[in-house]
Amino acid sequence: MSEPTPSNDTIRAAVAAQLPRLTEELIALARIPSIAAEGFPPEPLHEAHDRVVALLHDAGVPEVGDLPVEGTVAPVILARVPGPEGAPTVLIYGHYDVVPPGDLSLWRYPPFEPYEADGAVHGRGASDCKSNIVAIAAALRALDGRPPVGLTLVLEGHEEFGSPFDHYPPSNPDVFACDAMIIADMGSVRPGVPTLTVALRGSVDVAVEVRTLAGDKHSGQFGGAAPDARLALVHVLASLHDVNGDVVVEGLTRTPWTGATYTDDEFRDLAEVLPGQPLLGTGSIGERIWSGPAITVTSFDAPPSASPINAVASSARATLNLRVHPEQDAVEARAALVGHLERQRPFGIEVTVTPGEAGNGVAVPMGGPGVATALAALESAWGSEPVLMAAGGSVPIVMSLHEAVPRADLLLLGAEDGFSNIHAPNERVLLDEVERTAVAIAVFLRDFASGGGSPLLPSGA
Ligand SMILES: [Zn+2]
């Protein structure tokens, strides 16, 4: 077989030569506080949008426009590079909005004054997901703006806060038609380890409520016999886990995790577990956080401990978030949790359960040509064999794009390594990871043209 063109070395050199400029672009983009959450001004979102559009034009993308999606606070950029006749199409997704910085006192530097130090760019959004946007542009430039595939770029500005765009792709599948989609909003399990994310857990919300008295009653006069709703609810919640902290709700899928995962020490570090505290559950960390269920109490009604009230509670309510095995139907998992809660009768007291949202996870089918091509591209970029991992959080847009184009290979990768502090104070991205992501994307686009996917049928065929 003849060496593909451009060669890996040519691509690597072309990306390496762009590193100073790529760093500058990332810093400029990360300086913009493009936050889509309520209460934040929309101007920075538009500024970030315009900068990304300019970046794409500069990288040689001929068609750059906005997709009219109702209700989004920032436009969804839809850009296309037409491919050669008969070539497969690749879609790349990313987002230019960021999460708010949160408690500023926890940051070692101002979140929106990004800077380069120690081989990294530090700043909110530097990793999630602006690093991947500059990597995409660098990959395109390394291919002289002419990838040998058709390319569709979808870069939105409302990802972090329940965008209406999440529901758009399944009803407009033609817009997203492709043979493979790269979700460039992930990264290496740890720096330097090329990683393909192959599973995301689903997510379910449920509320549980106990009502026992017409009104709160004095704990001195009535405590001891009056049914305490809050106490009953505590018993209900205590029924969800065994003494080790494993979820005991019947009907929830749990399987061993066979890919890469964090060591216990790495996980303690990432989760900032205090010294002497145990980790919950048994089995590998991967099985606990990716291929097993997790239930978290996300709210619980009670007076704050600073101002207690001596009264027997007449009612109490809590909400739960259940993370669901990537391959289990979220509605089925929700039914299992609801059933478990409804069967609880603490002291003989009935509970009321209200099912909330249920979103499926995703397990990437491993047989597609895109997966093999992506693994080879990651190996070329990082120089070592890639590992597979999962992500604990469900990403609605990923599920939705997958639903719109189920036959396209789903490839989750990027420059956001597991230690990037995304959604946390002191976010940073390693420039090494950005550079390698750009190389991996370029190599993938080059190779998917020859090995991957059958040519797209014209729409309507
Ligand atoms: Zn992201």
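**Figure 1. Helices α6 and α9 against the four-stranded sheet of the predicted model.** Helix α6, made of residues 229–238, lies across β9, β11 and β13 and runs at about 15 degrees to β13. Helix α9, made of residues 330–343, lies across β9, β11, β13 and β14, and its direction is at about 165 degrees to β14. The sheet beneath these labels is open, with four strands in the order β11-β13-β9-β14 and antiparallel pairing. Because β11 and β14 (352–359) stand at the edges with a single partner strand each, one side of each is left without a neighbour in the sheet. On average, and with direction ignored, neighbouring strands of this sheet are turned by 20 degrees against each other.

**Figure 2. The pairing of β9 with β13 in the four-stranded sheet.** Strand β9 (residues 202–211) and strand β13 (residues 315–324) run antiparallel and are joined by ten bridges. Among the residues of this pairing, Arg211 has Ser315 in β13 as its bridge partner.

**Figure 3. The zinc ion and its protein donors.** The ion is held in the model by His95 through NE2, by Asp128 through an OD atom and by Asp185 through two OD entries, with distances of 1.9 to 2.4 Å. The angles among the four donor atoms run from 55 to 145 degrees, and the site is classed as irregular. The reason for that class is that four donors count as tetrahedral only if all angles lie between 85 and 135 degrees, and as square planar only if opposite donors are over 155 degrees apart. For comparison, the ideal angle for four tetrahedral donors is 109.5 degrees. Along the sequence the donor residues follow the spacing H-x32-D-x56-D. His95 lies in strand β3 (residues 89–95), whereas Asp185 lies in the loop between β7 (180–183) and β8 (195–200), so the pair ties together parts that are 90 residues apart in sequence. His95 is buried, with a relative accessible area of 0%, and Asp185 also counts as buried, at 9% relative accessibility.

**Figure 4. Ser291 and its surroundings.** Ser291 is located in the loop between α8 (285–289) and β11 (294–300), and its relative accessible area of 3% makes this residue buried. Apart from residues up to four places away in sequence, Ser291 touches Thr253, Arg254, Thr255, Pro256, Trp257, Gly286, His325 and Pro326. For one of these, Thr255, the side chain of Ser291 reaches the backbone oxygen at 2.6 Å.

**Figure 5. Thr255, in the loop between α6 and α7 (264–271).** With 29% relative accessibility, Thr255 counts as partly exposed. When neighbours within four places in sequence are left aside, Thr255 is in contact with Glu287, Ser291 and His325. Its side chain makes a polar contact of 2.8 Å with the side chain of His325. The C-alpha atoms of Thr255 and Gly283 are 9.9 Å apart in space, although these residues are 28 residues apart in sequence.

**Figure 6. Strand β17 and its pairing with β7.** Both faces of strand β17 (residues 409–412) are covered, since Asp409 and Leu411 on one side and Leu410 and Leu412 on the other are all buried. In a regular strand the side chains alternate between the two faces of the sheet. β7 and β17 pair in the parallel sense over four bridges, and Ile183 stands opposite Leu412 in β17.

**Figure 7. The open sheet of β4, β5 and β18.** These three strands have the order β4-β5-β18, with antiparallel pairing. The edge strands are β4 (115–117) and β18 (428–430), each of which pairs on one side only. With direction ignored, neighbouring strands here are turned by 25 degrees against each other on average. Strand β5 (residues 120–122) is joined to β18 by three bridges, and the bridge partner of Val121 in β18 is Val429.

**Figure 8. Trp382 in helix α10 (residues 369–382).** Trp382 counts as buried, at 8% relative accessibility. Not counting residues up to four places away in sequence, Trp382 touches Ser188, Gly192, Val193, Pro194, Gly414, Glu433, Arg436, Thr437 and Ala440. The side chains of Trp382 and Glu433 are joined by a polar contact of 3.3 Å. By contrast, Ile309, which is 73 residues apart from Trp382 along the chain, is separated from this residue by 59 Å between C-alpha atoms.

Notes
Residues are numbered from 1 along each chain as its sequence is written. This is a predicted model: local features need pLDDT of at least 70, side-chain atom pairs count only at pLDDT 80 or more; totals for chains, interfaces and linings use all residues. Side-chain values use heavy atoms; hydrogens and water are left out. Donors are N, O and S atoms within 2.8 Å of the metal (3.2 Å for Na, K and Ca); water is not among the atoms, so sites may look incomplete. Four donors count as tetrahedral if all angles lie between 85 and 135 degrees; four count as square planar and six as octahedral if opposite donors are over 155 degrees apart and all others between 65 and 115; anything else is irregular. Helices (H or I, at least four residues) and strands (E, at least two) are DSSP runs, numbered from the N terminus. Buried means under 20% relative accessible area, exposed over 50%, partly exposed in between (1.4 Å probe, protein chains only). A polar contact is a pair of N or O atoms within 3.5 Å; within protein, one must be able to donate a hydrogen and the other to accept it, and residues adjacent in sequence count only if both atoms are side-chain atoms. Contact means heavy atoms within 4.5 Å. Two strands pair if DSSP finds at least two bridges between them. Axes are lines fitted to C-alpha atoms, for helices over the stretch in contact, and angles run from 0 to 180 degrees between N-to-C directions.
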